[in-house]
Amino acid sequence: MGLSCSQASSQSAIDEDADKLLRAMSSYLSGLKTLSFDYDTDQEIIDRWGQKLQYSASGAVMASRPDKLHVTRKGPYADVEATLNGKLIFLYGRGLNIFAQMENPGTTIDTGLEEFRMSTGLDAAGADLLSADPYAVLTETVDEGNFVGTAFVGGVECDHLAFRTEIVDWQIWIRKGEQPVPVKYVITSKWVTGAPQYSVRLTNWNVEPKLDESIFTFSPPAGAKKIEQIGSDVIGDITLEDAQ
């Protein structure tokens, strides 16, 4: 079957070098059976007085294809962990020692992440990069893509790519060499006042980690309270730290 008009248009709008590099990264990531990395994020907001503020958080990601994922995140308003183990998804908030349980409607990390997004409004760091086909997800609405040049992120030599969509612009820095993993990913909301950005740096990549399967099994800590229904108010509670 041939490409749809929209797919063909998106691909033709990406220059040859950018397309080749993004495809290589996608193919490499999707071929990994297990992987782990640490991350640091910066999310910008524009306050009511027009000042741009950055909120930073850190965490770690561990994945075992096709259906296991563990993500931690700690920031100014969140100290949480999310666990996917086949058909079950758990979200645990350490601050209030409460957790929620959801069902994965499919059998993959992709379907688990989509259910997690829909149920909670939250996202895993660089979740698009964990897809079974990152290239298809990343380029779905791309209007233009270009190879910017060589850059260094944290001392790592990278290929720098930049893409445009109708709503956001995004950039990605991919490590050069035999392990073309992403090391930086930036999304700019270009039509929002002040053009705030969300950026994530991915470090300490391990493409053949020996993962302890127990990390993908959530066991509620002593005294943890289970929340039976998921809603924005509940998610707000789960992601609140003790200090809040």
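This report describes the fold, the sheet, the cores and the confidence of a predicted model.

**Overall composition and confidence**

The protein holds five helices and 12 strands. Of its 244 residues, 45% are buried. When contacts between residues at least 6 apart in sequence are considered, 50% of them join residues at least 24 apart.

The average pLDDT of the protein is 88, and 87% of the residues score at least 70. Two stretches fall below 50, namely residues 1-10 and residues 240-244. Beyond near neighbours in sequence, residues 1-10 have five contacts in the model, whereas residues 240-244 have 14. Where pLDDT is low, predicted coordinates should not be read in detail.

**The sheet**

The 12 strands form an open sheet of mixed pairing, and their order is β7-β8-β9-β10-β11-β1-β2-β3-β4-β5-β6-β12. The edges are taken by β7 (142-153) and β12 (225-227); each has a single partner strand, so one side of each is left without a neighbour in the sheet. From one strand to the next, the twist averages 20°.

Helix α3, spanning residues 109-120, packs on this sheet. The strands that α3 touches are β2 (52-64), β3 (68-75), β4 (78-85), β5 (88-93) and β6 (98-103). The direction of α3 makes about 45° with that of β5.

**Strand β1 and its partners**

In the strand order, β1 stands between β11 and β2. Strand β1 covers residues 34-46, and β11 covers residues 197-206. The pairings of β1 on its two sides are set out below.

| Pair | Direction | Bridges |
|---|---|---|
| β1 and β11 | antiparallel | seven bridges |
| β1 and β2 | antiparallel | 13 bridges |

Individual residues of β1 illustrate both pairings. On the β11 side, D38 stands opposite T203, and D40 has R201 as its bridge partner. On the β2 side, the bridge partner of Y39 is G59. Strands β1 and β2 also form a hairpin, with five residues between them. The turn of this hairpin contains G50, whose phi is positive, at about 85°.

**Helix α2 and residue D19**

Helix α2 runs over residues 16-30 and contains D19. The relative accessible area of D19 is 15%, and D19 is therefore classed as buried, the cut-off being under 20%. The side chain of D19 makes a polar contact with the side chain of Y135, at 2.3 Å. Once neighbours within four places in sequence are left aside, D19 is in contact with I14 and Y135.

**Nonpolar cores**

The largest nonpolar core has 41 residues, of which L22, L69, F163 and I172 touch the most other members. Helix α2 gives the most to this core, with five residues.

The surroundings of I172 can be listed in full. Not counting residues up to four places away in sequence, I172 touches L22, M25, L129, D159, H160, L161, F163, P182, K184 and Y185. Two of the residues named above for their many core contacts, L22 and F163, thus appear among the residues that I172 touches.

A second core, separate from the largest, consists of six residues. Its members include A151, V153, V183 and V186. Residues A151 and V153 fall within the range of the edge strand β7 (142-153).

Notes: Residues are numbered from 1 along each chain as its sequence is written. This is a predicted model: local features need pLDDT of at least 70, side-chain atom pairs count only at pLDDT 80 or more; totals for chains, interfaces and linings use all residues. Side-chain values use heavy atoms; hydrogens and water are left out. Two strands pair if DSSP finds at least two bridges between them. Helices (H or I, at least four residues) and strands (E, at least two) are DSSP runs, numbered from the N terminus. Axes are lines fitted to C-alpha atoms, for helices over the stretch in contact, and angles run from 0 to 180 degrees between N-to-C directions. Contact means heavy atoms within 4.5 Å. Buried means under 20% relative accessible area, exposed over 50%, partly exposed in between (1.4 Å probe, protein chains only). A polar contact is a pair of N or O atoms within 3.5 Å; within protein, one must be able to donate a hydrogen and the other to accept it, and residues adjacent in sequence count only if both atoms are side-chain atoms. A nonpolar core is a set of buried Ala, Val, Leu, Ile, Met, Phe, Trp, Tyr and Cys residues joined through side-chain atoms within 4.5 Å. pLDDT is the predictor's confidence in each residue, from 0 to 100.
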